[in-house]
Amino acid sequence: MAHLRYHVTKNSTDPYWSVEDIFTGWPVDFHGVILDTLQPDEADRMVDVLNLGDMTKRDLLHRYG
């Protein structure tokens, strides 16, 4: 089974959430916007979009769908 590249993390110093890349451990830079000050629902949607794009790019959807 393929691993999802992106996940949501609660920031420890403020009330926001981040979308992090599992390979770097850093918040994602999405077209010049650092995804580190999101509301929980925004972070969930972004992680879904990013993981779908990554799985499509790696041609994994047809294998598990």
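Two strands are said to pair if DSSP finds at least two bridges between them. That criterion will be needed at the second stop of this tour, which concerns a predicted model.

**The whole chain**

Begin with the entire protein in view. It has 65 residues, and buried ones make up 26% of them. There are two helices and four strands, and from the N terminus on their order is β-β-β-β-α-α. Taken along the principal axes, the box filled by the C-alpha atoms is roughly 40 × 20 × 20 Å. Among contacts between residues at least 6 apart in sequence, 28% join residues at least 24 apart.

**The first two strands**

Next, select residues 6-10, which form strand β1, and residues 17-21, which form β2. These strands run antiparallel and are joined by five bridges. The connection from β1 to β2 is a hairpin through six residues. To see how the strands face one another, display Lys10, which stands opposite Trp17 in β2.

**Asp21**

Now select Asp21, a residue of β2. Is Asp21 buried or exposed? Its relative accessibility is 7%, so Asp21 counts as buried, the limit being under 20%. Display the side chain of Arg5 as well: the side chains of Asp21 and Arg5 make a polar contact at 2.7 Å. A polar atom of the Asp21 side chain also lies 2.8 Å from the backbone nitrogen of Phe23. Leaving aside residues up to four places away in sequence, Asp21 touches Arg5, Tyr6, Trp26 and Val28.

**Tyr6 and the core**

Move from Asp21 to Tyr6, one of the residues that Asp21 touches. Beyond four places in sequence, the contacts of Tyr6 include Val19, Val28, Val47 and Leu50. Tyr6 also belongs to the largest nonpolar core, which has nine residues in all. To show this core, select Tyr6, Val19, Val28, Leu35, Leu38, Ala43, Met46, Val47 and Leu50. Helix α1 gives the most to this core, with four residues.

**Helix α1**

Finally, select residues 40-57, the 18 residues of α1. From first C-alpha to last, α1 reaches 26 Å, close to the 26 Å expected at 1.5 Å a residue. Which residues of α1 are buried? They are Ala43, Met46, Val47, Leu50, Asn51, Asp54 and Met55. These residues lie on the same side of α1, because they cover an arc of only 160° around the axis. In general, an α-helix has 3.6 residues a turn, so residues three or four places apart point the same way. The tour ends at Asp59, just after α1, where phi is positive at about 60°.

Notes:
Residues numbered from 1 in each chain as written. Predicted model: local features only at pLDDT ≥ 70, side-chain atom pairs only at ≥ 80, totals over all residues. Heavy atoms only, no water. Expected span 1.5 Å × (residues − 1). Buried < 20%, exposed > 50% of the residue type's maximum accessible area, 1.4 Å probe, protein only. Arc of directions from axis to C-beta. Polar contact = N/O pair within 3.5 Å; in protein donor to acceptor, adjacent residues only side chain to side chain. Contact = heavy atoms within 4.5 Å. Core = buried A, V, L, I, M, F, W, Y, C linked by side-chain atoms within 4.5 Å.
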